[in-house]
Amino acid sequence: MDLKWVSYTFFALSAILHVAFFVVESLKKKKKDGHKLFKLKPEDHSAVKIWAFNQGFYNLFLAIGMAIGLFFVHEGRREAAGLLVSFCGLSMIGAGLVLFFSAPHLRRGAYVQMVPPLLGFFFLAFHVFHLAGS
């Protein structure tokens, strides 16, 4: 199996997960009982609702950037693909690391956020090193 496609699969999974984060944070969180999603007290819901709404769009924009980067891969536009996939993937990993270290009780979410792009870069590196050795 070509490791390039394995890396693309993990990058695509990263984009899909970030769309799901958008849905949860920006759409479901706005509902009256949205506090249940993040295990908040009902009285705290209104205080964080706008934060979650904004955070959800941040995740959506990263997903869109990753999807456009993967489209550029398909089109053979390596430089544009590399820039977008790298920026979005590293941003996803960075945000996951921030969550990991700042909120130990949310580490599972941090893993979900950062492991797919990490694996994407891991398999992409193997693909690149394999090409360089050929």
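Good morning. I begin with S26, which is found in helix α1, the helix that runs over residues 3–28. Please keep in mind throughout that this is a predicted model.

Is S26 buried or exposed? Its relative accessible area is 0%, and buried means under 20%, so S26 is buried. What, then, surrounds this serine? Leaving aside its neighbours within four places in sequence, S26 is in contact with F21, A52, F53, G56 and F57. One of these residues also offers a polar partner: a polar atom of the S26 side chain lies 2.7 Å from the backbone oxygen of F53.

Two names in that list, F53 and F57, deserve a closer look. Both lie in helix α2, four residues apart, which is about one turn of the helix. How many aromatic pairs does the structure hold? There are eleven. F53 and F57 make up one such pair, with ring centres 5.1 Å apart and planes at 65°. Planes over 60 degrees apart count as edge-to-face, so the pair of F53 and F57 is edge-to-face. As for their exposure, F53 has 28% relative accessibility and therefore counts as partly exposed. F57, with a relative accessible area of 27%, is partly exposed as well.

Another aromatic pair, F122 with F126, is also edge-to-face, at 4.8 Å centre to centre and 70° between the planes. Where do these two residues lie? Both are in helix α4, which covers residues 107–133, and they are four residues apart, about one turn of the helix. F122 has a relative accessible area of 43% and is partly exposed. For F126 the value is 42%, so F126 is partly exposed too. This pair belongs to a wider group, since ring pairs link F10, F122, F123 and F126 into a cluster.

Let me now return to helix α2, this time for the surface. Which residues form a nonpolar patch there on the surface? They are F61, I64 and I68, and together they have about 280 Å² of accessible area. I68 has its place in helix α2, which spans residues 45–75. Its relative accessible area is 37%, so I68 is partly exposed.

To close, I would set two residues side by side. S26 in helix α1 is buried, at 0% relative accessible area. I68 in helix α2 is partly exposed, at 37%. Thank you for your attention.

Note on methods: Residues are numbered from 1 along each chain as its sequence is written. This is a predicted model: local features need pLDDT of at least 70, side-chain atom pairs count only at pLDDT 80 or more; totals for chains, interfaces and linings use all residues. Side-chain values use heavy atoms; hydrogens and water are left out. Buried means under 20% relative accessible area, exposed over 50%, partly exposed in between (1.4 Å probe, protein chains only). A polar contact is a pair of N or O atoms within 3.5 Å; within protein, one must be able to donate a hydrogen and the other to accept it, and residues adjacent in sequence count only if both atoms are side-chain atoms. Contact means heavy atoms within 4.5 Å. Patches are made of residues with over 30% relative accessible area and no salt bridge: like charges are joined within 9 Å, nonpolar side chains (Val, Leu, Ile, Met, Phe, Trp, Tyr) within 5 Å. Accessible areas come from the Shrake-Rupley method with a 1.4 Å probe; for residues, only the protein chains shown count as cover. A salt bridge is a side-chain nitrogen of Lys or Arg within 4 Å of a carboxyl oxygen of Asp or Glu. Rings of Phe, Tyr and Trp (its six-membered ring) pair if their centres lie within 6.5 Å; planes under 30 degrees apart count as stacked, over 60 as edge-to-face and the rest as tilted.
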